[in-house]
Every structure is written in C-alpha cells, then in structure tokens.
Amino acid sequence: MPDTPTVPAPDATPAPTAGSDFRRRVRSCFGPGPGFRSRLRFRLRRSVLVPLTAAVVLVAGTGGWYAAGGGRSTVGPAPAGGPEEVVAPLARSMQLPWPREGQASVAVEGIGSLGTRGEQKPVPIASVTKVMTAYVILKDHPMRADAPGATVVADRRAADESYSSVETTAPVLAGREYTQRRLLELMMVPSGNNVARLLARWDAGDEKAFVAKMNRAAAGLGMRATTYTGVSGMEASTRSTAADQLRLARAAMKDPAFRQVVATASVTAPGAGATFRNTNKLLGRDGVIGLKTGSSTPAGGNLVWATTQEVAGVSRLVLGVVLHQRAGTTPAEGSAAAHEASRALITAIRADLPAAVNRA
C-alpha cells in the first residue's frame with residue numbers, strides 16, 4: 001500500500017525541522033521587520049551563486065572544448081532542451097558570416113565554442129543522419145586506423161536497393177564479402193542509403209533495433225533535441241539541431257578510423273567497377289578533412305564539416321554544422337547553399353582565429 005502522510009491536528013505544533021531551524025538562525029542574523037524577506041532572498045541567492053560560479057571555473061579549467069577562464073554567453077538561442085552554451089571569450093571579437101537562414105554551430109578544439117546561430121528547433125537532417133549510423137557501428141565494432149575491420153556479407157535486399165532511382169545508393173553484390181571499412185566508405189563518401197541499412201541489419205539484426213541504439217547513443221551524448229527514426233536520413237521525421245549535431249561530430253572525430261573514413265576523397269565499389277567522389281565538395285580545401293553532407297527537399301541543405309587551423313604553433317580542429325539551408329527547394333539548391341555558407345564560415349574562422357586568440 002502507498003504510504004499515507006501524517007497530518008498534524010490543527011492545534012498541534014509540528015516538530016522543528018532543519019528548514020525551520022535554518023530560517024530561525026537567518027532571522028536572528030537579519031532581525032525581524034518589513035525588509036526581512038528581501039534580505040533573506042538576497043542571502044539565499046548569494047549562497048547559491050557562489051558554488052555555481054566555482055563549478056563554471058572548474059569546467060573552464062578542464063580545457064578540451066571549453067575555454068579556460070571563459071564566461072557564459074550565447075550567440076543566438078541556447079540549444080533546445082539542453083544547457084546554455086559556453087562560448088569562448090574570443091568569439092565576441094570575431095565577426096563571423098553566420099548564415100542568414102537555418103541554423104549553425106561552431107567550436108574549436110582546446111578553445112571552445114564560437115557560438116550558435118538560428119533557432120535551435122529540431123529540423124530534418126537528411127543524410128547527416130549517417131554520422132550517427134557510423135558512430136554506433138564503430139562503437140559496436142571498433143576498428144583500428146588503417147585496418148579493414150570485420151567482414152560483412154551483402155544481403156539480397158542491399159543489392160536490390162543498389163538500383164533505386166529515388167534515393168542515393170552505392171552498388172553492392174548479394175553474397176559478396178565486404179570489409180567493414182569499405183562499407184563505411186560507401187555509406188559516407190557517396191552517401192549510400194542501402195549500405196547504411198545493410199550495416200544496421202548486420203549490427204543489430206534489423207533496422208528498428210539499430211535505430212533504438214542510435215537514440216540511446218544520442219541520449220548518452222546529451223543530444224536532447226534529436227530523434228532518429230531511420231538509419232539513412234530518408235525519413236523527414238529524423239530531426240536534430242546544429243548544436244546537437246556538433247556534439248555528435250565532436251564525439252565521432254575522436255575515433256581515428258572515423259576520421260579516416262570521412263577524409264576519403266573517393267571510393268571504388270568492389271565488383272561493380274564504379275568509383276565515387278565524396279559528396280563533401282569542401283574536402284581537401286581550406287584545411288577541410290571531413291565530415292558529412294545531407295540534402296533533401298524538406299531538410300534543405302546540410303553540412304557537418306571539420307577543418308584545421310594552426311594557432312600559436314598548435315594545429316586546432318575546428319568543427320561546424322550548418323543546417324536547413326534553402327529548405328523546400330531542390331536538394332541540389334539546398335546542398336549548394338549549405339556548402340556556400342560553410343565555406344564562408346571556414347574562410348573567416350581560419351583567417352581570424354590566430355589573431356583572435358592573441359586579442360583575447
């Protein structure tokens with residue numbers, strides 16, 4: 001049975017509690033009078049703010065993705081459903097060409113966030129979804145850098161879907177053995193939806209079970225505004241924010257095998273005689289070393305990118321996400337807009353970041 005609370009009789013005097021004892025001690029310090037409540041609220045606010053300030057200092061002092069000594073501020077709204085973004089102090093002195101539509105978020109390894117722009121509401125992300133697909137595959141089946149990884153046999157469904165005219169695919173042959181690395185490349189470089197589904201079935205038995213893994217991984221990374229409903233991005237119901245996808249990119253790029261896959265300029269499909277270039281047109285320019293494109297009519301153009309820039313003699317990884325560019329137009333128009341917006345950000349950041357660090 002549920003516990004039933006004991007309620008004192010109207011005339012009964014409740015026993016002293018820790019809270020009432022605390023209030024009596026505070027009252028004795030301030031004294032009674034009309035200003036007592038406001039003075040109490042002020043004292044309580046100070047008692048809460050002191051440990052919170054100390055916590056911010058501890059986070060800033062850990063280095064990594066947060067700037068030492070940094071204060072709290074945001075460029076644009078805070079991520080939906082998540083904690084307020086900690087922006088590096090130097091970001092205030094940088095005039096970045098943020099996209100005029102959609103949303104974007106940028107961070108620099110070892111320095112901190114350069115800000116977030118646009119309303120951080122969940123939007124369709126198209127094939128950017130495959131970043132999480134690859135992340136979960138590599139968590140379940142770790143692969144050393146330069147290693148082929150596990151062996152996967154392509155099933156009939158993946159082979160039949162190779163010839164789809166309504167989505168992006170990569171050719172695979174039923175019954176043929178492929179290395180895990182080659183399939184990850186076929187999924188990430190030409191953005192093969194059929195390969196994403198093949199890898200999901202290989203890993204979890206069926207796609208629904210794999211999607212559940214994707215959502216658990218997202219929750220574990222603090223991606224509170226993200227919902228995955230498929231493994232390839234074909235579903236417009238798969239939605240996320242730039243801030244959430246930046247969290248994922250930061251986690252994924254810690255894996256050397258993942259970094260190699262997304263830096264692959266082109267890949268050949270074994271047995272099919274077809275070679276595909278990376279859909280990321282920024283790859284190899286302005287220090288860009290990855291990451292993933294995604295475009296559709298409802299999602300618009302989307303691009304997660306990774307570049308590097310030397311700052312004070314240290315090569316820094318810069319990660320950015322641009323989402324929902326020219327949504328409602330053609331995938332080609334959206335993709336071009338996402339590439340253009342990303343290129344503008346990358347160029348400005350790489351040009352001004354070293355000087356901004358000196359100014360901060």
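His324 is partly exposed, because its relative accessible area of 22% is not under the 20% that counts as buried. This value, like the others below, is computed from a predicted model. His324 belongs to strand S11, which covers residues 314-325. Leaving aside neighbours within four places in sequence, the contacts of His324 fall in several stretches of the chain: Glu101 and Gly102, Val123 and Pro124, and then Pro298, Ala299, Gly301 and Asn302. Ser296 lies 28 residues from His324 along the chain, and the C-alpha atoms of these two residues are 9.6 Å apart.

From S11 the path leads to strand S1, residues 103-108, which pairs with S11 in the antiparallel sense over six bridges. One of the paired positions is Gln103, whose bridge partner in S11 is Leu323. S1 is mostly covered, with six of its six residues buried. Both of its faces are covered: Gln103, Ser105 and Ala107 are buried on one side, and Ala104, Val106 and Val108 are buried on the other. S1 also pairs with strand S2, residues 112-117, again in the antiparallel sense, over five bridges. Here Ser105 of S1 stands opposite Thr116 of S2. The two strands form a hairpin with three residues between them, and Gly110 has a positive phi near 80°.

A second hairpin offers a contrast in how its strand is covered. Strand S7, residues 266-269, has one covered face, made of Val267 and Ala269, and one uncovered face, made of Ser266 and Thr268. S7 runs antiparallel to strand S8, residues 274-277, and four bridges join them. Val267, on the covered face of S7, stands opposite Phe276 in S8. Four residues lie between S7 and S8 in this hairpin, and Gly271 in the turn has a positive phi of about 80°.

Next comes the interior. The largest nonpolar core has 57 residues, and the members that touch the most others are Met132, Leu183, Leu184, Tyr228, Phe258 and Leu291. Helix H3, residues 130-140, supplies the largest share of this core, seven residues. A second, separate core has 27 residues, including Ala104, Leu282, Leu303 and Ala341. Ala104 is also one of the buried residues of S1.

Why does H3 count as largely enclosed by the rest of the structure? Nine of its 11 residues are buried, so little of the helix is left outside that enclosure. The buried residues run from Lys130 through Val131, Met132, Thr133, Ala134, Tyr135, Val136 and Ile137 to Leu138. They pack against helices H5 (180-188), H6 (193-204), H7 (207-220), H8 (242-252) and H9 (256-262), and against strand S9 (290-296).

Among these partners, H8 is mostly covered as well, with 10 of its 11 residues buried. The buried residues of H8 include Asp244, Gln245 and Arg247 alongside Ala242, Ala243, Leu246, Leu248, Ala249, Ala251 and Ala252. Ala249 is in turn touched by Leu291, one of the members of the largest core that touch the most others. Not counting residues up to four places away in sequence, Leu291 also touches Met253, Phe258, Val262, Asn280, Val304, Trp305, Ala306 and Leu319.

S9, one of the elements packed against H3, also contributes to a pocket. The second largest pocket has a volume of about 390 Å³. Its lining comprises 27 residues, of which Ser127, Thr168, Ser191, Gly294 and Ser295 lie nearest its centre. S9 gives the largest share of that lining, five residues. Helix H10, residues 331-359, and S9 each supply at least two of the lining residues. By residue type, the lining divides into 14 polar, eight nonpolar and five charged residues.

The chain as a whole can now be set around these parts. Its secondary structure comes to 10 helices and 11 strands. Of its 360 residues, 46% count as buried. Among contacts between residues at least 6 apart in sequence, 62% join residues at least 24 apart.

Note on methods
Residues are numbered from 1 along each chain as its sequence is written. This is a predicted model: local features need pLDDT of at least 70, side-chain atom pairs count only at pLDDT 80 or more; totals for chains, interfaces and linings use all residues. Side-chain values use heavy atoms; hydrogens and water are left out. A nonpolar core is a set of buried Ala, Val, Leu, Ile, Met, Phe, Trp, Tyr and Cys residues joined through side-chain atoms within 4.5 Å. Buried means under 20% relative accessible area, exposed over 50%, partly exposed in between (1.4 Å probe, protein chains only). Contact means heavy atoms within 4.5 Å. On a 1 Å grid over the protein atoms alone, a cavity is a set of points where a 1.4 Å probe fits but cannot get out, and a pocket is an open set with protein on both sides within 12 Å along at least five of seven lines; lining residues have an atom within 4 Å of a point. Grid points are joined across faces, edges and corners, and a volume is the space filled by probe spheres set on the points. Ala, Val, Leu, Ile, Met, Phe, Trp, Tyr, Cys and Pro count as nonpolar, Asp, Glu, Lys and Arg as charged, and the others, Gly among them, as polar. Two strands pair if DSSP finds at least two bridges between them.
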